[in-house]
There are 2 protein chains.
Amino acid sequence: MAVKAKKQGVRRASVDDRRELILRAAVEVFSRKGYTGCRIQDVAKEAQVAYGLVYHYFKNKDELLESVFATGWKGFLKLVQAEIDREEHITARVRGIVGVAFEAYRRDPRAVKVLILEVGRSPAGGSVNRGGAFSQVILAAANMFKAAQQRGELPAQLEPVLCATMLFGAIEMGLTTFVMGLLDKRDEAAIARAQEQVVETYLRGVTAR
Amino acid sequence: MAVKAKKQGVRRASVDDRRELILRAAVEVFSRKGYTGCRIQDVAKEAQVAYGLVYHYFKNKDELLESVFATGWKGFLKLVQAEIDREEHITARVRGIVGVAFEAYRRDPRAVKVLILEVGRSPAGGSVNRGGAFSQVILAAANMFKAAQQRGELPAQLEPVLCATMLFGAIEMGLTTFVMGLLDKRDEAAIARAQEQVVETYLRGVTAR
DNA sequence: CTCCGCGCTGATTCCTGAATCAACGGCGCG
DNA sequence: CGCGCCGTTGATTCAGGAATCAGCGCGGAG
């Protein structure tokens, strides 16, 4: 097939390229079929690669899907953490976090769909502790809120953990609106407006008292 | 096995009882393993019923899972719709909707987990149009918000669809906090407080302007 | 008491998909 | 120029789960 030409005519694809290729294909299939519904066959086909090669790079299905998750989530986590750590008023940090999430969505809606919409709730979870990773972000955010309360930037009577979950809930559902086609995902202005509304509504709800 | 005695000693279980039994067992397994991960074997075992009986009542796996979904969702939908239809200020209706969701959670956390956390996003969906059902509620709520805007109960610049998704996002994540064990699900007071915070934060965010 | 029918059973069949493995071929090195 | 290494291939094996079906037994009718 014509596609393979790239690894002959051009310089031979490096190992990392192939691995990456499979990983990206897996994200694609994973996002379409879900954790258990994702078949190696499909991943291989999607990546234009032999069935066996998937097993060359990954011990088994679980490890592959785990990698998909870990890779994507790690990137997201780092960005969110950076926002959490910023030395600014809580409202600025919240704005930052929402910005990170929406930006990620703009860049790769499918990956976000996988991470935000499947992670932490997929009951079909393998051995993977994805829920744990999700909790990690929630708890990090919760700590941020708690500190903000101590600085008097946030009403003290709020439960920080709930503040965190509600923030991500708001983000998630804001994005879901597009993923599910309730709003037009190609309408850049609509996405921007959604981001705005999510931030403002959340902050107003959490701040005013 | 001793368990079967109930259909001998007592009056023979009616058809509906058995069907119901299987349905409930399916909810249980479904909530643990997810759509694709749910095996008929497990459902039968959970229901203390022969493997074949599942196929006596349901054409195939898809139809079973579809029934699980349809049944549970229909019930929830009806309650939510009732709240939506109430002739009251928008804040009262929102309170009602959140109340319905939390009450349902109190009654049957597992079923809620299935419905709220899997419905509408599970990419592993079979032929089922579950996303459609989810959209239905969102859109019904969105209409409610739009009407409220026209009555001046809500700022006009808000996108009603986003108001709706954010409401359910807030509810969902409020409940997720317990499902994921971030807050103690046996602590009734904590649940009540969570409900309170979800409602108040949401309303404040959406109302004040 | 006997026979029938209906709900129910679970071993069996068939098939899908995960994981293995023996072999291929291009590339670099001697 | 030939040899061996290593990334790659895809047919094959095997486990497990969906769906089938030939009958079983209890309750009721005659």
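**Exercise 1. Find the phosphate contacts of DNA strand C in this predicted model.**

Solution.
Step 1. Start with the backbone. A backbone N or O atom of B:Ala50 lies 3.1 Å from a phosphate oxygen of DNA strand C.
Step 2. Turn to side chains. B:Arg18 places a polar side-chain atom 2.9 Å from a phosphate oxygen of the strand. For A:Tyr55, the corresponding distance to a phosphate oxygen is 2.8 Å.
Step 3. Assign elements. Two or more residues each come from helix H2 (40-47) and helix H3 (51-57) of chain A, and from helix H3 (51-57) of chain B. H3(B) gives the largest share of the surface near DNA strand C, three residues.

**Exercise 2. Describe the protein surroundings of DNA strand C.**

Solution.
Step 1. There are 15 residues around the strand; A:Arg39, A:Tyr55, A:Lys61, B:Arg18 and B:Tyr57 come nearest.
Step 2. Look at the DNA side. Sugar and phosphate make up 73% of the strand C atoms that come within 4 Å of the protein.
Step 3. Sort the residues near the strand by class: seven are nonpolar, three polar and five charged.

**Exercise 3. Classify the packing of H8(A) and H9(A).**

Solution.
Step 1. Take the axes. Helix H8 (residues 160-179) and helix H9 (residues 188-207) of chain A have axes that come within 10 Å and cross at roughly 160°.
Step 2. Apply the cut-off. Angles over 145 degrees count as roughly antiparallel, so H8(A) is roughly antiparallel to H9(A).
Step 3. Give the hand. The crossing of H8(A) past H9(A) is right-handed.
Step 4. List contact residues. H8(A) contributes, among them, A:Leu167, A:Ile171 and A:Phe178, and H9(A) contributes residues including A:Ile191, A:Val198 and A:Tyr202.
Step 5. Sort them. The contact has 13 nonpolar residues, one polar and no charged.

Notes: Residues numbered from 1 in each chain as written. Chains lettered and ligands numbered in written order. Predicted model: local features only at pLDDT ≥ 70, side-chain atom pairs only at ≥ 80, totals over all residues. Heavy atoms only, no water. Near = heavy atom within 4 Å. Polar contact = N/O pair within 3.5 Å; in protein donor to acceptor, adjacent residues only side chain to side chain. Helix = DSSP H or I, 4+ residues; strand = E, 2+ residues; numbered from the N terminus. Nonpolar A, V, L, I, M, F, W, Y, C, P; charged D, E, K, R; others polar. Axes fitted to C-alpha atoms, helices over the stretch in contact; angles between N-to-C directions. Parallel < 35°, antiparallel > 145°, perpendicular 65-115°, else oblique. Left-handed = near helix turned anticlockwise from the far one by under 90°. Contact = heavy atoms within 4.5 Å.
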